[in-house]
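Here's a quick tour of a single protein model, from the overall fold down to a few side chains worth a click. Have the viewer open as you read.

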Amino acid sequence: MIKNKSYTLEEARRKLERYCSYQERCHKEVDRKLTEMNVIALVREEIILHLMQHDFLNEERFAKSFARGKFSIKKWGKVRIVRELKQRNITEYNIKAALTEISQNDYFSTFDALSEKKCETIKESNIFKKRKKLADYLLYRGWESDLVYAKIRELIS
C-alpha cells in the first residue's frame, strides 16, 4: 500500500518552483499538481501567490510560449491553439496576446506548405475522398475552415 506523502509548506513551495522552472506552466497545471500532492486549498492559494510574485508562474508568458511552440513545432492553426488555451482556463486577453506571437506571413506559408505536403501523401483516386481526407487533417490541426476549403479547391480539382 502506497502512503500519501505529506509536504511542509516550504517543501511544497520548492517542489513547485522546480516544476515551474522546468517549463512554462499555467495556473490549472500548478493547481492540479498541488492537488495531486494532497496540499490543502489554503496552502495551495499561498503557493500559487508565491509563484506569481516571484515570476515562476505567469499566464501571459505561458500562453505566448504555448502558441509559439504548438504553431512552430506541431503546425497547429489558431483555432486549435485557442481551443487548447481555453481548456487551460487562459483569459481572452492572454489568448489574444498569444496569437500576436504568430506572424501572418509565417502562418500562411506554414499552412500552404503543410497542405501541399499532406495532399501529396494522400493516395486516393476518388477526388471527393481525397478532399475529405485533406479537410479532416487540416481541420483537426485547427486551421480555419475558410482557408482549408479554399486550399482544397486550389489543390484538388
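## Overall fold

The protein has nine helices and zero strands. Reading along the sequence, that gives the pattern α-α-α-α-α-α-α-α-α. With a radius of gyration of 21 Å, well over the 15 Å that the globule rule gives for 157 residues, the protein is more spread out than a compact globule. Keep in mind that this is a predicted model.

If you'd like box dimensions, the C-alpha trace spans about 65 × 40 × 20 Å along its principal axes. As for burial, 37% of the 157 residues count as buried.

## Aromatic pairs

How many aromatic pairs does the count come to? The tally is seven. Take phenylalanine 71 and tyrosine 107, whose ring centres are 5.9 Å apart with 25° between the planes. That pair counts as stacked because its plane angle falls under the 30 degrees cut-off. It also links distant parts of the chain: phenylalanine 71 belongs to helix H4 (residues 59-72) and tyrosine 107 to helix H7 (residues 104-121), 36 residues apart.

Are these two rings buried or exposed? Phenylalanine 71 has a relative accessible area of 8%, so it is buried. Tyrosine 107 is at 2% relative accessibility, so this residue counts as buried too. Zoom out a little and you'll find ring pairs joining Phe71, Tyr107, Phe108, Phe111 and Trp143 into a cluster.

## Charges over rings

Two arginines are worth a look if you care about cation-over-ring geometry. Arginine 25 has its charged end over the ring of tyrosine 19, at 3.7 Å from the ring centre. Arginine 80 does the equivalent with tyrosine 140, where the charged end sits over the ring at 4.8 Å from its centre.

## The largest pocket

Now for the empty space. Rolling a probe the size of a water molecule over the atoms shows where such space is left. The largest pocket here comes out at a volume of about 180 Å³.

Which residues line the largest pocket? They are Gln23, Glu24, Glu29, Phe62, Ser65, Phe66, Gly69, Lys70, Ile73, Lys74 and Arg88. H4 gives the most to this lining, with five residues. Sorted by class, the lining has three nonpolar, three polar and five charged residues.

## Loops and the N-terminal segment

Lysine 5 is in the segment before helix H1 (9-22). With 47% relative accessibility, lysine 5 counts as partly exposed. Its C-alpha is 7.5 Å from that of methionine 37, though the two residues are 32 apart in sequence.

Checking backbone torsions? Asparagine 38 has phi near 60°, a positive value in a residue other than glycine. You'll find asparagine 38 in the loop between helix H2 (27-36) and helix H3 (41-53). Its relative accessible area is 47%, so asparagine 38 is partly exposed. Aspartate 55 also has phi near 60°, a positive value in a residue other than glycine. This one lies in the loop between H3 and H4, and at 44% relative accessibility aspartate 55 counts as partly exposed.

Definitions and conventions: Residues are numbered from 1 along each chain as its sequence is written. This is a predicted model: local features need pLDDT of at least 70, side-chain atom pairs count only at pLDDT 80 or more; totals for chains, interfaces and linings use all residues. Side-chain values use heavy atoms; hydrogens and water are left out. Rings of Phe, Tyr and Trp (its six-membered ring) pair if their centres lie within 6.5 Å; planes under 30 degrees apart count as stacked, over 60 as edge-to-face and the rest as tilted. Helices (H or I, at least four residues) and strands (E, at least two) are DSSP runs, numbered from the N terminus. Buried means under 20% relative accessible area, exposed over 50%, partly exposed in between (1.4 Å probe, protein chains only). A charge sits over a ring if NZ of Lys or CZ of Arg is within 6 Å of the ring centre and within 35 degrees of the ring normal. On a 1 Å grid over the protein atoms alone, a cavity is a set of points where a 1.4 Å probe fits but cannot get out, and a pocket is an open set with protein on both sides within 12 Å along at least five of seven lines; lining residues have an atom within 4 Å of a point. Grid points are joined across faces, edges and corners, and a volume is the space filled by probe spheres set on the points. Ala, Val, Leu, Ile, Met, Phe, Trp, Tyr, Cys and Pro count as nonpolar, Asp, Glu, Lys and Arg as charged, and the others, Gly among them, as polar. The radius of gyration is taken over C-alpha atoms; the globule rule is 2.2 Å times the number of residues to the power 0.38.
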